[in-house]
Amino acid sequence: MDTLQEPEFPVRKVDTASLKALAHPLRVQILEMLSRYGPQTACSLAELLDESSGATSYHLRQLAKFDFVQEVQGKGTARERWWERPRGAIQITSPELAHSPATQEASRLVTREFERSRQAVLADFMAHGMDSLDEDWLDAAIVNTANARMSAEQLGRYARSVEAFARNLLEEIRSEPEADGARPVQIHFNAFPILGVPAWAGDKKSRDAKSYAAATEGKES
């Protein structure tokens, strides 16, 4: 059986200085727009985000100082520069950053803003997708949730395997010529431990014992 080979794919782990530079809602939104729609100018980003071009231009320059964005070579002019997000992933959280009071709030702001944007996109699809998309797009899309009890090791193994497979397939698709009718697509795969739920809620043995205790409460043998 062939072993799954993870393709070369750059993953940038941010440090304290670059995380603090990213920790601004508009800068996170700019990265999201570049990821979603490809290279943009300050003016086109301003239109997408309902901001002034002066604001998007300033924040693009700040992002460029820490290599979160880069100029598109051979495109644009001195007065209208095109910007893109470098290939690869950005790892916002790490044990070092999570345990540093200086970076905890910055990390929360960045992850919260990314998640707010993703949730808004999903909510818009759920609310309006059936009214605005052709049947082939609706058939191709999927919103799926699965639940399981896992150890930390199992969750890590599952998440890494899914990530490697998905990344390999995505890079294959990205390398193909753009097809007619292509449009921006956003992909979410979430796997995480559910917080704030009693352990017995998902454990069959403990759940059965809990049900038995409830059924016999107030009775004496």
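Helices (H or I, at least four residues) and strands (E, at least two) are DSSP runs, and they are numbered from the N terminus. With that in hand, here's the overview: this is a predicted model, and its protein chain has 9 helices and 5 strands. Of the chain's 221 residues, 22% count as buried. Below is a quick tour of the fold, a pocket, some charged pairs, a nonpolar patch and two unusual backbone angles.

**The overall layout**

- If you walk along the chain from the N terminus, the elements come in the order β-α-α-β-α-α-β-β-β-α-α-α-α-α.
- Helix H6 is a good one to find on screen, at residues 101-132, and helix H8 covers residues 152-175.
- Two residues show how the chain folds back on itself: arginine 116 and glutamine 29 are 87 residues apart in sequence, yet their C-alpha atoms are 9.9 Å apart in space.
- Arginine 116 belongs to helix H6, and with a relative accessible area of 44% this arginine is partly exposed.

**The second largest pocket**

- How much space lies in the second largest pocket? About 180 Å³.
- Rolling a probe the size of a water molecule over the atoms is what shows where empty space is left.
- The lining of this pocket is made up of Thr41, Ala42, Cys43, Ser53, Ser57, Leu60, Arg61, Arg79, Glu80, Arg81 and Trp83.
- Which elements each supply at least two residues of that lining? They are helix H3 (42-49), helix H4 (53-65) and strand S4 (81-84).
- H4 gives the largest share of the lining, with 4 residues.
- Sorted by class, the lining is a mix of 4 nonpolar, 3 polar and 4 charged residues.

**Salt bridges**

- Side chains of opposite charge can pair when their charged atoms come close.
- The count of salt bridges here comes to 10, and a few of them are worth a look.
- Glutamate 32 and arginine 36 make one such bridge, with an N to O distance of 3.4 Å. Both sit in helix H2 (residues 25-37), 4 residues apart, which is about one turn of the helix.
- Is glutamate 32 buried or exposed? Glutamate 32 counts as buried because its relative accessibility is 7%, and the cut-off for buried is under 20%.
- Another bridge joins glutamate 105 to arginine 108, where the closest N and O atoms are 3.4 Å apart. These two are in helix H6, 3 residues apart, again about one turn of the helix.
- Both ends of that bridge are partly exposed: glutamate 105 has a relative accessible area of 45%, and arginine 108 is at 43% relative accessibility.
- Arginine 174 and glutamate 171 meet in a bridge of 3.0 Å, N to O. They are separated by about one helical turn because they lie 3 residues apart in helix H8.
- The two ends of this bridge contrast in their cover: arginine 174 counts as exposed at 54% relative accessibility, whereas glutamate 171 counts as buried at 18%.
- There's also a network here, with salt bridges linking Arg87, Glu171 and Arg174.

**A nonpolar patch on the surface**

- Which residues make the nonpolar surface patch of about 270 Å²? Leu122, Met126 and Val143 do.
- Leucine 122 has its place in helix H6.
- With a relative accessible area of 32%, leucine 122 is partly exposed, so this residue clears the cut-off for patch members, which is over 30%.

**Two residues with a positive phi**

- Most residues other than glycine have a negative phi, so a positive value is something to look out for.
- Aspartate 50 has a positive phi of about 55°, although this residue is not a glycine.
- Where is aspartate 50 found? Look in the loop between H3 and H4.
- Aspartate 50 counts as exposed because its relative accessible area is 72%, and the cut-off for exposed is over 50%.
- Aspartate 67 also has a positive phi, near 60°, and is likewise a residue other than glycine.
- You'll find aspartate 67 in the loop between H4 and strand S3 (70-76).
- Aspartate 67 is exposed too, with a relative accessible area of 56%.

Conventions:
Residues are numbered from 1 along each chain as its sequence is written. This is a predicted model: local features need pLDDT of at least 70, side-chain atom pairs count only at pLDDT 80 or more; totals for chains, interfaces and linings use all residues. Side-chain values use heavy atoms; hydrogens and water are left out. Patches are made of residues with over 30% relative accessible area and no salt bridge: like charges are joined within 9 Å, nonpolar side chains (Val, Leu, Ile, Met, Phe, Trp, Tyr) within 5 Å. Accessible areas come from the Shrake-Rupley method with a 1.4 Å probe; for residues, only the protein chains shown count as cover. A salt bridge is a side-chain nitrogen of Lys or Arg within 4 Å of a carboxyl oxygen of Asp or Glu. Buried means under 20% relative accessible area, exposed over 50%, partly exposed in between (1.4 Å probe, protein chains only). On a 1 Å grid over the protein atoms alone, a cavity is a set of points where a 1.4 Å probe fits but cannot get out, and a pocket is an open set with protein on both sides within 12 Å along at least five of seven lines; lining residues have an atom within 4 Å of a point. Grid points are joined across faces, edges and corners, and a volume is the space filled by probe spheres set on the points. Ala, Val, Leu, Ile, Met, Phe, Trp, Tyr, Cys and Pro count as nonpolar, Asp, Glu, Lys and Arg as charged, and the others, Gly among them, as polar.
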